[in-house]
Amino acid sequence: MATTQGDVSLPESRAACVTCHRPSGFGTSEGGYFVPPINGLALFSERQLDRGRFLLNRFEQAQPQRYRARLNQPHMRPAYNFETLGRALRGGVDASGQDLDPIMPRYQLSDADVANLKSFLRNLSATIDPGITDDELHFATIVSKDASSRDRAAMLSVIEAYFDWANKNSGGERSRQGFSPYHQSELISATRKWRLHVWELEGAPESWSQQLELKYQAQPVFAFVSGLAPVWEQIAQFCDKKKIPALFPNTELPGRRKDGQTFYFTRGLELEAKGLVAFFSREHAGKTHILQVVGEGPMAHEPARIFDQEARAVGIEVETVAMADVDNANRLVLPQTAIVVWPGNATDEKVASLLSASPKTSKIYLPSTILEFSKSESARPFLERLFFVDPYEVDTQSHPLSFRVRAWIDTRGVSITHPTLQFQTYYALSLLDAAIGRLKTDFFRDYLIENVEHEAEGDLNPGVFPRLSLGPGQRVASHGVYVVQMAREKVDRIEPVGDWIIP
């Protein structure tokens, strides 16, 4: 039980320390208030004026006057002990005898409660996480063997260029530790060289956990950045087990856990399946019958399962057939409102064969993974009845935010061969850079995760998505899709056939 602002009662879920001070204990800003760190090193040591940390908090956030006023009065105090911690928690008086802000809850706690909390806080964020040395920050990107070699080269070209650029910038700061025209001298101790490790995964996903374990034992890393694997479930499980943050891998099937260590752009094919059901519900308010054609592999079976489940829940009849059973000799002759196709591992030729076997009056809906197929010669005869689920901004080329990213990539001498993939990779790297910068020397993974959540809604969006944002505990940054069709005037451009759909 607790009260805040003098007489406002708080239920236990709202009064929990983690609500404001976050899992790491390093605090944050909350509703314009400065929330100080309460981890062991901060709480049980004498508070001294740290100009680097003060400058970091003072100038990197737009905050109201009360926040700035609180920072301008750092309130030096002695280290907490059992007695003063109990006094602060129960009566709102800190170790120096000053009153805490009225927003800080006053708790009804026994001596045993205070002792337990003191023991917990003393060990909270007490030891720097693996992957950090005095001079280096170790990161890895994960690539599965079933990923396209073209996509792999495109992604790695951006990652390698970013690491080189980051190290050149930080190298200049490290070389002049006694002076900095940008008042960075107090932050030099936080500056380390970035080291990249490319972890290649071979064989079936069931063997990936063991492969990752061996690679991690050989070289621990602080976090994973970007990455390329159509299926991420096994990797996500490893990240959760080791508590290693993974920032925005390029994947179509994210891990199933919603609150794990991995951040995703979207829920991949799961989002596309749900978005398509929402589209049909909106377009066809009455009873609808849909034929679902399913290819081979998890990238076909998983979205088909979700689509069938979601569609039936809203009264849409779904008939499912295997793509292998459909060809010109076995035509899809039954009249359908629409045909939904999940190609999975199917080739463009197989998809074209399926289109030839479909009724000429049926509209055909495909996932974004095969959007490039629409630009091929094989697709031209069917363009007027081909539709795609697209989780991206419709016109990335003209998006103002994309110009900056394109300019950065061009000036690094990197060829833009896969804009969407490379722009997404840049976002993951720039967000990691921003979040690492806020850690100062507090290299804790849960603190990194909190800063990723905090920084994600900045001006880092490369224009690939309409909006990217996160909040505390959120792991997916974009939640909607368009249903699109090739533009009639220009075959290489797409246009939406409806509004942005958030299922």
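Which residue of strand 15 is the bridge partner of Leu366? In this predicted model, that partner is Phe388.

**Close-up A. Parallel pairing of strands 13, 14 and 15.** Strand 13 (residues 338–344) and strand 14 (residues 363–366) run parallel and are joined by three bridges. Within this pairing, Val340 stands opposite Tyr365 of strand 14. Between the two strands the chain passes through helix 13 (residues 348–357), giving a right-handed β-α-β crossover. Strand 14 also pairs in the parallel sense with strand 15 (residues 386–390), again over three bridges, and Leu366 has Phe388 as its bridge partner there.

**Close-up B. The aromatic pair of Tyr162 and Tyr426.** The structure holds 27 aromatic pairs. In one of them, Tyr162 and Tyr426 meet edge-to-face, with 5.9 Å centre to centre and 70 degrees between the planes. Tyr162 belongs to helix 8 (residues 149–174) and Tyr426 to helix 15 (residues 419–439), so the contact ties together parts 264 residues apart in sequence. Tyr162 is buried, with a relative accessible area of 2%; the value for Tyr426, also buried, is 8%.

**Close-up C. Trp408 and the aromatic cluster.** Trp408 and Tyr426 form a tilted pair, 5.1 Å centre to centre with 55 degrees between the planes. This pair links helix 14 (residues 400–411), which holds Trp408, to helix 15, which holds Tyr426, across 18 residues. Both Trp408 and Tyr426 are buried. Ring pairs join these two residues with Phe139, Tyr162, Phe163, Trp165 and Trp194 in a cluster.

**Close-up D. Lys118 and Arg122 over the ring of Phe44.** Lys118 lies over the face of Phe44, at 5.6 Å from the ring centre. The charged end of Arg122 sits over the Phe44 ring, 4.3 Å from its centre.

Notes: Residues numbered from 1 in each chain as written. Predicted model: local features only at pLDDT ≥ 70, side-chain atom pairs only at ≥ 80, totals over all residues. Heavy atoms only, no water. Pairing = 2+ DSSP bridges. Helix = DSSP H or I, 4+ residues; strand = E, 2+ residues; numbered from the N terminus. Right-handed = clockwise from strand over helix to strand, strands pointing away. Phe/Tyr/Trp six-rings, centres within 6.5 Å; stacked < 30°, edge-to-face > 60°. Buried < 20%, exposed > 50% of the residue type's maximum accessible area, 1.4 Å probe, protein only. Lys NZ or Arg CZ within 6 Å of the ring centre and 35° of its normal.
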